Amino acid sequence: MISAVGLRKAFGDFEAVRGIDVEVRRGEAFGFLGPNGAGKSSTMRMIAAVSPVTSGSLRILGRDPAEDGPAIRARLGVCPQEDTLDTELTVRDNLVVYGRYFGIPRSEVARRADELLEFVQLAERGKAKVESLSGGMKRRLTIARSLINRPDLLLLDEPTTGLDPQARHVLWDRLFRLKQQGVTLVLTTHYMDEAEQLCDRLVVMDKGLIVAEGSPLELIRGHSTREVAELRFGVGEHEALAAKVEDLGERVEVLPDRLLVYSDDGEEVIARVHERGLSPVAVLVRRSTLEDVFLRLTGRTLVD
Ligand SMILES: Nc1ncnc2c1ncn2[C@@H]1O[C@H](COP(=O)(O)OP(=O)(O)OP(=O)(O)O)[C@@H](O)[C@H]1O
């Protein structure tokens, strides 16, 4: 569906994307995970055939965006980072007008609009003004709009940024259903839980480069331990205490507010910490996540 080799994007002297290779296969959910500024949106805009490639090769649905931009865009669904809904129109008319833009006949577009409103659970709000919708509803409507042309490939730039946990879960459920229906999804996110929930495969991006690639499970297994013991001590004590626990796991990360001890048995770490007479104010054992993978690979956390 997408094939990129040595893909670069420069803005003047600044290179936002510094030579990445990406293959996306039909039917999979593929993610770009990385912090703000990693180059995810710049990559997505090239894939959406709206931003020219600076260098490298890019093929989308087997075509070159420099030559076949309109043909590619006709087969894509695009859900941008910012809501770009028409606030002058009703919820349903946002779909109808967008569908007409693709040249879909009036009766067909009406049928699809009703189907899609049902799918994103907005059927009752069809006549409402867009302004009256919550953030989560607007996102769902944007996704419905991006599906009006029955795209082969759906591009989602940070689909749940800014939404509350419940709205995020509703959206994930809809995206999961689309995946089950065979729609190829490509999404960017800086939420590791979103990447874990939705992506079959993902690349971790940092500073315009891909630093790791695989399924969430492969990435976690390849770059972290099974468990992590989190130890909170007093403010300012973490740096000094790291040396006292560093032999308890495979490695230790020092964050401003806690120590992370990486070990396959987190409870064992906690027991040994107490045996040594150390008294953390709070402890927690959890499984490793993509956040730990990112920390391992870049020395930084995903979300500041
Ligand atoms: N039109 C532009 N002109 C100049 N610099 C740009 C432009 N678009 C993006 N950049 C820069 O390129 C870098 C990558 O931006 P990009 O939006 O691709 O990152 P991102 O990973 O999507 O981050 P975010 O999560 O904030 O969207 C940033 O440093 C950004 O400031």
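**Close-up views of a predicted model**

**Figure 1. Helix H3 and its packing partners.** Helix H3, residues 91-101, has Val-91, Arg-92, Asn-94, Leu-95, Val-96, Tyr-98 and Gly-99 as its buried residues. The model shown here and in every view below is predicted. Two helices receive the buried residues of H3: helix H4 (106-119) and helix H5 (135-146). Just beyond H3 comes Gly-103, with a positive phi of about 80°. An α-helix has 3.6 residues a turn, so residues three or four places apart point the same way.

**Figure 2. The whole chain and its two domains.** The protein chain has 304 residues, of which 39% count as buried. Its secondary structure amounts to 11 helices and 13 strands. Along the principal axes, the C-alpha atoms fill a box of roughly 75 × 45 × 35 Å. The domain assignment gives domain 1 as residues 2-215 and domain 2 as residues 225-287. The centres of domain 1 and domain 2, taken over C-alpha atoms, are 39 Å apart. Of the contacts between residues at least 6 apart in sequence, 68% join residues at least 24 apart.

**Figure 3. The stretch annotated in UniProt.** An unreviewed UniProt entry lists residues 2-232 as "domain: ABC transporter". Over residues 2-232 the chain is 37% helix and 28% strand. The end C-alpha atoms of this stretch lie 44 Å from each other.

**Figure 4. The shell around the ligand.** Which residues surround the ligand? They are Phe-11, Phe-14, Ala-16, Gly-34, Asn-36, Gly-37, Ala-38, Gly-39, Lys-40, Ser-41, Ser-42 and His-190. By class, the shell holds 4 nonpolar, 7 polar and 1 charged. Strand E2 (14-24) and helix H1 (40-47) supply at least two residues each. H1 gives the largest share, 3 residues.

**Figure 5. The nonpolar cores.** The largest nonpolar core contains 64 residues, and Leu-155 and Val-204 have the most contacts inside it. Another core, of 11 residues, lies apart from it. Members of this other core include Ala-229, Leu-259, Val-261 and Ile-270. In soluble globular proteins, nonpolar side chains tend to be buried together.

**Figure 6. Contacts of Leu-155.** Leaving out residues up to four places away in sequence, Leu-155 touches Met-44, Ile-47, Ala-48, Leu-76, Gly-77, Val-78, Cys-79 and Val-186. Leu-155 is one of the two residues with the most contacts inside the largest nonpolar core.

**Figure 7. The loop between E8 and E9.** Gly-208 sits in the loop between strand E8 (201-206) and strand E9 (209-214). Is Gly-208 buried or exposed? Gly-208 counts as buried because it has 22 C-beta neighbours inside 10 Å, and the cut-off for burial is 20 or more. Lys-207 is found in the loop between E8 and E9 too. Lys-207 is partly exposed, with 15 other C-beta atoms within 10 Å. Although not a glycine, Lys-207 has a positive phi of about 50°.

**Figure 8. Long-range partners of Gly-208.** Gly-208 touches Glu-15, Ala-16, Val-17, Arg-18 and Gly-39, not counting residues up to four places away in sequence. Ala-16 and Gly-39 are among the residues around the ligand. Phe-14 is 194 residues from Gly-208 along the chain, yet their C-alpha atoms are separated by 10 Å.

**Figure 9. Ala-49 after helix H1.** Ala-49 lies in the loop between H1 and strand E4 (55-60). Its phi is positive, about 60°, although Ala-49 is not a glycine. Why does Ala-49 count as buried? Because 25 other C-beta atoms lie within 10 Å of its own, where 20 or more are needed.

**Figure 10. Asp-21 on strand E2.** Asp-21 is found in strand E2. With 14 C-beta neighbours inside 10 Å, Asp-21 counts as partly exposed. Asp-21 touches Ala-4, Val-5 and Gly-6, leaving out residues up to four places away in sequence. Gly-56 is 35 residues away along the chain, and 9.2 Å separate the C-alpha atoms of Asp-21 and Gly-56.

**Figure 11. Thr-161 and His-190.** Thr-161 is in the loop between strand E6 (153-157) and helix H6 (165-180). Thr-161 counts as partly exposed, with 16 C-beta neighbours inside 10 Å. The C-alpha atoms of Thr-161 and His-190 are separated by 8.5 Å, with these positions 29 residues apart along the chain counted as their separation. His-190 is one of the residues around the ligand.

Note on methods
Residues are numbered from 1 along each chain as its sequence is written. This is a predicted model: local features need pLDDT of at least 70, side-chain atom pairs count only at pLDDT 80 or more; totals for chains, interfaces and linings use all residues. UniProt positions are given in the numbering used here, feature names are shortened, and annotations may be inferred rather than shown by experiment. Helices (H or I, at least four residues) and strands (E, at least two) are DSSP runs, numbered from the N terminus. A residue is near a molecule or strand if its C-beta atom, placed from the backbone, lies within 6 Å of it. Ala, Val, Leu, Ile, Met, Phe, Trp, Tyr, Cys and Pro count as nonpolar, Asp, Glu, Lys and Arg as charged, and the others, Gly among them, as polar. A nonpolar core is a set of buried Ala, Val, Leu, Ile, Met, Phe, Trp, Tyr and Cys residues joined through C-beta atoms within 7 Å. A residue is buried if 20 or more other C-beta atoms lie within 10 Å of its own, exposed if 12 or fewer, and partly exposed in between; C-beta atoms are placed from the backbone. Two residues are in contact if their C-beta atoms, placed from the backbone, lie within 7 Å. Domain bounds come from an automatic or database domain assignment.
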